[in-house]
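Below are some notes on the structure, set out as numbered points. They deal with a helix pair and then with pockets and a cavity.

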Amino acid sequence: MKRAIRMVGFLLCAHALPLMAQTATITVTAEGAVGQAGSAAYPSDARLSAVAVAAKVDPEAYILGAAWLQPALQRDQLRLRAGIEYELGAIRRQALGSENTPLGETAAAFQAWISARPITGRRTGMALDPARLEVTPAEDWPVHGGDTLFYPRRPVDIRVVGAVDKPCRLPHVPLQDARRYLANCPASPAADPDLIYVVQPDGAVFAQNVALWNRDLPRPLAPGAWIYVPFDRHAIAGAADEAFNRDVADFIATQLLSDEGWR
């Protein structure tokens, strides 16, 4: 009898497991310029294309600025922001100790700006065009429960932040070299004179040499891009490590375009 009962239990489990596998779902959200905004249930093996297609992305959506937000990435981004804040505090203290007032003031202002930036969980450098995802398996990554796809509308400007007199929002000029925007957003004396970082709307980060002696070829910006003007690497030596400015650019890359243009 016991053997028969065990056999019945085994058969019930054997039939139940495939059913459970078929019905397992995850919840993923679509936001922004989409026809079907909000959270929806998807099979546990769903991929980006399934969410993007179901969301009915608006033809006016700015695909280059679309973002895949993953809660699993938030912890590392929080640590990155905290490290940047700490080093900016160290830069400020070192500057005050050496009576470098411009550097100290710029570091304090930028520390406040960084502290106010949200932790998004954005995975940068992702192509989220629904049509492209459907025909490019290598880019059609699996999604996970709690993920969000965000599709903004096309912005009309770019931003300049970092070692500048004050953060700037400037009209986007088609095909204009990133360096030329700096004429309308003066750098602080604390800025590195040789280098800037360009952060395109998809989160791709590029270092661009801008001095007369090392100038790179022009790099046009897409609408919604950022320019990060780095701190002078010689002036901050001892207070911040060599990766500080790149870390800042990488953190800026996690920020989102809002539906109105800027978050």
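1. In this predicted model, helix α3, which spans residues 74-97, packs with α4 at an angle of about 160°, and the axes of the two helices are 8 Å apart. Since angles over 145 degrees count as roughly antiparallel, α3 and α4 are therefore roughly antiparallel to each other. The handedness of the α3 and α4 crossing is left-handed.

2. On the α3 side, the contact is made by R81, I84, E85, L88, G89, I91, R92 and A95, while α4 contributes L103, G104, A107, A108, F110, Q111, I114 and S115. When the residues of this contact of α3 with α4 are divided by class, 9 are nonpolar, 4 are polar and 3 are charged.

3. Helix α4, residues 101-115, also deserves attention in connection with the second largest pocket, since the largest share of that pocket's lining, 5 residues, comes from this helix. The second largest pocket holds about 150 Å³ of space, and its lining consists of E105, T106, A109, F110, W113, G162, V164, D165, K166 and P167. F110 is thus listed in the lining of the second largest pocket and also in the contact of α3 with α4. By class, the lining of the second largest pocket has 5 nonpolar, 2 polar and 3 charged residues.

4. How much space lies in the largest pocket? The volume there is about 210 Å³, and of the 13 residues that line the largest pocket, R233, I236, D241, E242 and N245 are the closest to its centre. Two elements, the strand β8 (195-199) and the helix α6 (244-252), each supply at least two residues of this lining. The lining of the largest pocket divides into 6 nonpolar, 2 polar and 5 charged residues.

5. Turning from pockets to enclosed space, a search of the whole structure finds 1 cavity of 30 Å³ or more. The largest cavity has a volume of about 50 Å³, and 12 residues line it, of which R122, P201, G224, W226 and Q255 are the closest to its centre. In the lining of the largest cavity, 8 residues are nonpolar, 3 are polar and 1 is charged.

6. For anyone inspecting the linings residue by residue, the charged residues may be a convenient place to begin. The lining of the largest pocket has 5 of them, the lining of the second largest pocket has 3, and the lining of the largest cavity has 1.

Conventions. Residues are numbered from 1 along each chain as its sequence is written. This is a predicted model: local features need pLDDT of at least 70, side-chain atom pairs count only at pLDDT 80 or more; totals for chains, interfaces and linings use all residues. Side-chain values use heavy atoms; hydrogens and water are left out. On a 1 Å grid over the protein atoms alone, a cavity is a set of points where a 1.4 Å probe fits but cannot get out, and a pocket is an open set with protein on both sides within 12 Å along at least five of seven lines; lining residues have an atom within 4 Å of a point. Grid points are joined across faces, edges and corners, and a volume is the space filled by probe spheres set on the points. Helices (H or I, at least four residues) and strands (E, at least two) are DSSP runs, numbered from the N terminus. Ala, Val, Leu, Ile, Met, Phe, Trp, Tyr, Cys and Pro count as nonpolar, Asp, Glu, Lys and Arg as charged, and the others, Gly among them, as polar. Axes are lines fitted to C-alpha atoms, for helices over the stretch in contact, and angles run from 0 to 180 degrees between N-to-C directions. Angles under 35 degrees count as roughly parallel, over 145 as roughly antiparallel, 65 to 115 as roughly perpendicular and the rest as oblique. A crossing is left-handed if the near helix is turned anticlockwise from the far one by less than a right angle, and right-handed if clockwise. Contact means heavy atoms within 4.5 Å.
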